[in-house]
Amino acid sequence: MSERICGEIPRPTLSRLPAYLNYLKARRAEGARSISAAQIARDLKLTEIQVRKDLAFLSSGRPRVGREVEELVDCISRQLTGRAGAVLVGAGRLGQALLFYEGFRAYGLEILAAFDSREELVGREFNGKRVFSAEEISRVTRELGAAIGILAVPERAAQWAADQLVAGGVRGIFNFAPVHLEACEGVVLHNEDLAASMALLTRAIPAP
């Protein structure tokens, strides 16, 4: 087996790792033992140069043989799998869907608790996760030692909630609110605008 060189990986490459992992697992299930960057690029509609650069952070290939599928799956899995606790702000429909989503566990991420400002939700449990008052975000987040905060709140509440999460010690925020957030230095912020993404997908669909 070739030498593993899993090390510090740039964020653009990290963002492509889940797609690589799903693809490689499918190829492994089909019985593939090795694979080339050219084949990955062709199947995932990427450039071969980009794939080669990405894979260089994961495994050293061999001429005419390519890279071992099992090794790539192992290395990507270890890069993506953390042991991070998360808290969710906003226990509405989107928030509840996230609380019931079991796919996070595959990457070592667990939502520990949720927060909401609506009295009818405070104190309830969804999938075993208790909903606390939004006024307790910073305290409970710090007590739980959560590293990640997920925002599923209205635009008007997003910045306040983000500030409370940062005060509670989170080091990364996943934001579903359609608003630009000001995060403190050292806090990784990822914005996911579902409406904008849907609009882009709609424009990309070929006309009938």
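Strand β4 contributes three residues to the lining of the largest cavity, the most of any element. In this predicted model, β4 spans residues 109-116, and α5, at residues 93-100, likewise supplies at least two lining residues.

The structure holds one cavity of 30 Å³ or more. The volume of the largest cavity is about 80 Å³. Its lining is made up of L98, L99, Y101, E102, F104, R105, L109, E110, I111, N127 and K129. By residue class, nonpolar side chains account for six of these positions and charged ones for four, with one polar residue besides. The classes are set out below.

| Class in the lining of the largest cavity | Number of residues |
|---|---|
| Nonpolar | six residues |
| Charged | four residues |
| Polar | one residue |

A second point of interest is L88, which belongs to strand β3, residues 84-89. Is L88 buried or exposed? L88 is buried, because its relative accessibility is 0%, and the limit for buried is under 20%.

Leaving aside residues up to four places away in sequence, L88 is in contact with G95, L98, L99, I111, A113, A114, F115, I150 and A152. Among these partners, L98, L99 and I111 also appear in the lining of the largest cavity. L88 itself is not listed among the lining residues. For the pair L88 and L98, which stand 10 residues apart along the chain, the C-alpha atoms are separated by 8.5 Å.

How values were computed
Residues are numbered from 1 along each chain as its sequence is written. This is a predicted model: local features need pLDDT of at least 70, side-chain atom pairs count only at pLDDT 80 or more; totals for chains, interfaces and linings use all residues. Side-chain values use heavy atoms; hydrogens and water are left out. On a 1 Å grid over the protein atoms alone, a cavity is a set of points where a 1.4 Å probe fits but cannot get out, and a pocket is an open set with protein on both sides within 12 Å along at least five of seven lines; lining residues have an atom within 4 Å of a point. Grid points are joined across faces, edges and corners, and a volume is the space filled by probe spheres set on the points. Helices (H or I, at least four residues) and strands (E, at least two) are DSSP runs, numbered from the N terminus. Ala, Val, Leu, Ile, Met, Phe, Trp, Tyr, Cys and Pro count as nonpolar, Asp, Glu, Lys and Arg as charged, and the others, Gly among them, as polar. Buried means under 20% relative accessible area, exposed over 50%, partly exposed in between (1.4 Å probe, protein chains only). Contact means heavy atoms within 4.5 Å.
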